[in-house]
Amino acid sequence: MANELEKQNAAAAAMEFVEDGMTIGLGTGSTAKYFVEMLAEEIADGLVVRCIETSEQTRRQAESLGIPLIPSEQVERIHLTVDGADEVDEHGFLIKGGGAALLREKIIANASDHMVVIADPSKQVDRLGKFPLPVEVTPFGYTITAKKVYDALCSSGIDRPRVELRAQPGGRLVVTDGGNYILDCHCLKIPDAESLAARLSGVPGVVEHGLFIGIARTVIIGNESGATVFEF
């Protein structure tokens with residue numbers, strides 16, 4: 001499928017940023033998994049790096065491929081993080097969290113010297129918001145928090161947003177690796193992502209939100225023949 005080839009080409013282009021001796025953050029998702037696979041091949045050929053995962057899913061993949069992982073409490077510096085995105089706009093702003101790993105993803109990305117985002121062309125948008133914005137919240141008082149999140153969306157100029165608690169097929173609530181719930185905020189378009197990010201960060205009960213503002217330095221969009229690299 002062309003879509004999978006686009007993801008693979010984006011991941012391959014990200015490998016150009018990898019250097020011997022780095023500590024590397026490993027992202028989560030359908031595109032990031034290709035990078036993890038490619039990195040494992042280079043490690044098998046003699047590349048020396050240490051890695052830190054952004055989710056239990058990625059940890060399992062990395063361990064199965066023989067990638068050396070270090071505990072987060074032992075990390076002194078993260079040179080590079082490579083991760084995917086659910087949406088990316090022309091400013092390099094992102095929506096992430098479709099895989100419910102946004103908290104760990106943001107902790108690792110924000111602590112990195114260089115965040116590289118890899119994606120296929122379907123993730124490029126003129127304005128963020130078509131993909132539902134994930135907001136991670138504490139289970140305690142989540143209905144109260146959801147109302148405050150709704151108010152923050154409205155105050156940021158979003159017309160008639162819809163806030164839904166994420167559930168698995170069958171109705172069981174999604175619980176993140178950190179033991180929290182996910183609110184999916186259907187916005188259609190976000191007029192001012194920076195303003196909304198600040199408002200959501202100020203809501204008690206919000207652990208983290210999926211707006212990654214000013215964190216990505218490089219965005220790589222794969223295509224059928226290669227990839228296009230954008231620097232911010």
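**Notebook: the cavity and E42**

I looked for enclosed space first, and the structure holds one cavity of 30 Å³ or more. I keep in mind that this is a predicted model. For the largest cavity I noted a volume of about 40 Å³.

Next I asked which residues line the largest cavity. I found A100, A101, L102, L103 and R104, together with E136, and then T176, D177 and G178. Sorting this lining by class, I recorded four nonpolar, two polar and three charged residues. Among the elements, helix α4, which spans residues 102-110, gives the most to the lining, with three residues.

I then wanted to know where the largest cavity lies with respect to domain 1 and domain 2. Both domain 1 (4-124 + 214-225) and domain 2 (133-209) give residues to its lining, so I place the largest cavity between them.

In a separate entry I turned to E42, which I located in helix α2, residues 32-44. Is E42 buried, partly exposed or exposed? Its relative accessibility is 38%, and because buried means under 20% and exposed over 50%, I entered E42 as partly exposed.

For the surroundings of E42, I left aside residues up to four places away in sequence and found that E42 touches M15 and L47. I also looked up the pair E42 and I67, which are 25 residues apart in sequence, and noted that they are 10.0 Å apart in space, C-alpha to C-alpha.

Terms used: Residues are numbered from 1 along each chain as its sequence is written. This is a predicted model: local features need pLDDT of at least 70, side-chain atom pairs count only at pLDDT 80 or more; totals for chains, interfaces and linings use all residues. Side-chain values use heavy atoms; hydrogens and water are left out. On a 1 Å grid over the protein atoms alone, a cavity is a set of points where a 1.4 Å probe fits but cannot get out, and a pocket is an open set with protein on both sides within 12 Å along at least five of seven lines; lining residues have an atom within 4 Å of a point. Grid points are joined across faces, edges and corners, and a volume is the space filled by probe spheres set on the points. Helices (H or I, at least four residues) and strands (E, at least two) are DSSP runs, numbered from the N terminus. Ala, Val, Leu, Ile, Met, Phe, Trp, Tyr, Cys and Pro count as nonpolar, Asp, Glu, Lys and Arg as charged, and the others, Gly among them, as polar. Domain bounds come from an automatic or database domain assignment. Buried means under 20% relative accessible area, exposed over 50%, partly exposed in between (1.4 Å probe, protein chains only). Contact means heavy atoms within 4.5 Å.
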